[in-house]
Amino acid sequence: MSTPRDYDADPGRFRVGAGLTARHLTGGTSLYALLAERLRHVPRVLDIGCADGALRAELPQVVGVDAALTLLREHPAPRLMGEATALPFADGSFGAAVAVNMLYHLPDPLEALREARRVLAPGGMFVAATPSRADSPELAEVWRPSRTTFDAEEAPELVAAVFERVEVERWDAPLITLPDAAAVRDYLVTRFVPRERAESASRQVSTPIALTKRGAMVWGFRGL
């Protein structure tokens with residue numbers, strides 16, 4: 001099923017999650033920094049589901065689009081309000097398009113994938129990042145991810161249904177270390193665990209705890 005979209009109703013949940021990652025990433029470079037390095041040569045990049053501008057902070061040529069006005073207000077211009085399934089841009093407007101941890105919010109991600117391809121110039125590239133259903137196995141006794149419409153397990157097949165060529169980069173490593181029960185609680189809350197349940201579960205976890213992050217970046221390339 002699709003994951004709830006609560007970015008206007010509860011923007012704090014998103015911000016807590018972003019802060020946790022920034023503070024407790026211990027095993028590598030941030031996803032946004034990796035994407036910026038790969039896309040630095042592309043003159044115009046569309047960030048679909050841009051939120052408050054994490055990719056823009058790494059890559060100045062980003063144009064943001066998001067349906068959540070509360071977060072979009074904090075994204076530097078240029079940015080537009082819009083849905084991933086009806087992007088407010090002309091055909092062939094961008095050299096690259098990015099969708100980080102957002103396609104699982106959609107009942108049918110294929111609609112957004114087709115829109116992303118439409119706004120790409122010939123030879124353009126698309127990349128989606130998404131977690132695996134086997135993410136954070138160290139928390140298995142208190143929480144497991146729910147299956148969504150765009151997990152890392154089926155994302156390559158979905159992208160391949162729209163783009164001519166697909167490449168997959170997977171991650172499977174201890175990348176985040178949560179130092180205490182409060183951090184575990186916040187980690188669970190950002191994954192839609194009700195706060196009281198997250199509070200109780202966090203007390204069952206020995207800390208500090210290193211979490212194995214599993215997921216994938218799926219690249220789709222439009223033909224010439």
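Val127 stands opposite Trp219 in strand E7 of this predicted model. That pair is a good place to enter the sheet, since Val127 also turns up on the E4 side: in E5, the bridge partner of Val98 is Val127.

## The sheet around E5 and E7

Let's widen the view from that residue to its strands. E5 covers residues 120–131 and pairs with E7 in the antiparallel sense, over 7 bridges. With E4 (residues 94–100), E5 pairs in the parallel sense over 6 bridges. As general background, strands of a sheet pair through backbone hydrogen bonds, either parallel or antiparallel.

E7 has a further partner in E6 (residues 165–178), and this antiparallel pairing runs over 13 bridges. Here Pro174 has Thr212 of E7 as its bridge partner. How many of the 13 residues of E7 (residues 209–221) are buried? The count is 11, so the strand is mostly covered.

Put together, the strands form an open sheet of 7 with the order E3-E2-E1-E4-E5-E7-E6, and the pairing is mixed. Which strands stand at the edges? They are E3 (79–81) and E6; each has a single partner strand, so one side of each is left without a neighbour in the sheet. From one strand to the next, the twist averages 20 degrees.

## H6 and its two helix neighbours

Now for the helices. Two packed helices are described by the angle between their axes and the distance between the axes. Helix H6 (residues 181–189) has such a description with H1 (residues 11–24) and another with H7.

| Helix pair | Axes come within | Crossing angle, roughly | Handedness |
|---|---|---|---|
| H1 and H6 | 9 Å | 130 degrees | left-handed |
| H6 and H7 | 8 Å | 140 degrees | right-handed |

The axes of H1 and H6 cross at roughly 130 degrees, which makes H1 oblique to H6. On the H1 side of this contact are Arg13, Val16, Leu20 and His24, and they meet Ala183, Asp186, Tyr187 and Val189 of H6. By class, the contact residues divide into 5 nonpolar, 1 polar and 2 charged.

For H6 and H7, the axes cross at roughly 140 degrees, and that makes H6 oblique to H7. H6 brings Ala181, Val184, Arg185, Asp186, Leu188 and Val189 to this contact, while H7 brings Arg195, Ala198, Glu199, Ala201 and Ser202. Here the classes are 6 nonpolar, 1 polar and 4 charged.

Is H6 mostly covered or mostly open? It is mostly covered, with 7 of its 9 residues buried. The buried residues are Ala183, Val184, Arg185, Asp186, Tyr187, Leu188 and Val189. They pack against H1, E6, H7 (195–202) and E7, so this part of the picture leads back to the sheet.

## H4 and Arg117

Helix H4 spans residues 109–118 and holds Arg117. Buried or exposed, where does Arg117 fall? Its relative accessibility is 22%, and because buried means under 20%, Arg117 counts as partly exposed. Leaving aside neighbours within four places in sequence, Arg117 is in contact with Val162, Phe163, Glu164 and Arg222. Arg117 and Asp91 are 26 residues apart in sequence, and their C-alpha atoms are 8.7 Å apart in space.

Elsewhere in H4, Pro109, Leu110, Ala112, Leu113, Glu115 and Ala116 are buried. The buried residues of H4 pack against strand E1 (45–48), E5 and helix H5 (155–160), and E5 is the strand that pairs with E7.

## Backbone details in the loops

A few backbone values deserve a look if you plan to work with the coordinates. Most residues other than glycine have a negative phi, and most peptide bonds are trans.

The peptide bond from Ala77 to Pro78 is cis, with omega near 5 degrees; Pro78 sits in the loop between H3 (69–72) and E3. Thr207 and Pro208 are also joined by a cis peptide bond, with omega about 0 degrees. Pro208 belongs to the loop between H7 and E7.

As for phi, Ser136 is not a glycine, yet its phi is positive, near 50 degrees. Ser136 lies in the loop between E5 and H5 and counts as buried at 0% relative accessibility. Phe192 has a positive phi too, of about 70 degrees. Phe192 is in the loop between H6 and H7 and is partly exposed, with a relative accessible area of 32%.

Definitions and conventions. Residues are numbered from 1 along each chain as its sequence is written. This is a predicted model: local features need pLDDT of at least 70, side-chain atom pairs count only at pLDDT 80 or more; totals for chains, interfaces and linings use all residues. Side-chain values use heavy atoms; hydrogens and water are left out. Axes are lines fitted to C-alpha atoms, for helices over the stretch in contact, and angles run from 0 to 180 degrees between N-to-C directions. Helices (H or I, at least four residues) and strands (E, at least two) are DSSP runs, numbered from the N terminus. Angles under 35 degrees count as roughly parallel, over 145 as roughly antiparallel, 65 to 115 as roughly perpendicular and the rest as oblique. A crossing is left-handed if the near helix is turned anticlockwise from the far one by less than a right angle, and right-handed if clockwise. Contact means heavy atoms within 4.5 Å. Ala, Val, Leu, Ile, Met, Phe, Trp, Tyr, Cys and Pro count as nonpolar, Asp, Glu, Lys and Arg as charged, and the others, Gly among them, as polar. Buried means under 20% relative accessible area, exposed over 50%, partly exposed in between (1.4 Å probe, protein chains only). Two strands pair if DSSP finds at least two bridges between them.
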